[in-house]
Amino acid sequence: MIFVIVKDNYVIDRIVADADFVYPDPHDIMVEDVGMSIYIGDWYEASEGIFYRPITGTPPDFPTELQPITPSNDGE
């Protein structure tokens, strides 16, 4: 399974691991990337459970510079 590691609302790592894997570095949450469309630098809005991608391709200073990840813009 592929998981993304989230710290301070940003995806900081992608890993291949079993569900019982314990990530060794400080982080907030580990989420399975079922659609394989979440990348390092994407923003995670925990209250909505939605990942967003920076419009410019670099992590934004403000969440208003983000767009929801959809099948049409997931980078594939």
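Let's start inside a strand pair: Phe3 has Ile15 of β2 as its bridge partner. On β3, Phe3 stands opposite Glu32. Strands here are DSSP runs of E with at least two residues, numbered from the N terminus.

This is a predicted model, where local features need pLDDT of at least 70 and side-chain atom pairs count only at pLDDT 80 or more, while totals for chains, interfaces and linings use all residues. Residues are numbered from 1 along each chain as its sequence is written, and side-chain values use heavy atoms, leaving out hydrogens and water.

**Strand β1 and its partners**

Strand β1 covers residues 2-7, and five of its six residues are buried (under 20% relative accessible area with a 1.4 Å probe, protein chains only; exposed is over 50%, partly exposed in between). The strand is therefore largely enclosed by the rest of the structure. β1 and β2 run antiparallel and are joined by six bridges, and β1 is also antiparallel to β3 (residues 29-32), with four bridges between them. Two strands pair if DSSP finds at least two bridges between them.

**Cores**

A nonpolar core is a set of buried Ala, Val, Leu, Ile, Met, Phe, Trp, Tyr and Cys residues joined through side-chain atoms within 4.5 Å. The largest one has eight residues: Val4, Val6, Val11, Val31, Ile38, Tyr44, Phe51 and Ile69. A second, separate core has five residues, including Phe3, Ile5, Ile15 and Ala17.

**Aromatic pairs**

Rings of Phe, Tyr and Trp (its six-membered ring) pair if their centres lie within 6.5 Å; planes under 30 degrees apart count as stacked, over 60 as edge-to-face and the rest as tilted. By this rule there are two aromatic pairs.

The rings of Tyr10 and Trp43 are edge-to-face, because their planes are at 85° with the centres 5.0 Å apart. This pair links distant parts of the chain, since Tyr10 is in β2 (residues 10-16) and Trp43 is in β4 (residues 43-45), 33 residues apart. Trp43 is buried, at 13% relative accessibility. Tyr44 and Phe51 make a tilted pair, with 4.5 Å between centres and 40° between planes; both residues are buried.

**Positive phi in loops**

Most residues other than glycine have a negative phi. Here are two that do not follow that trend.

| Residue | Phi | Loop | Relative accessible area |
|---|---|---|---|
| Asn9 | near 75° | between β1 and β2 | 28%, partly exposed |
| Met36 | about 50° | between β3 and β4 | 43%, partly exposed |

In the hairpin of β1 and β2, with two residues between the strands, Asp8 also takes a positive phi, near 55°.
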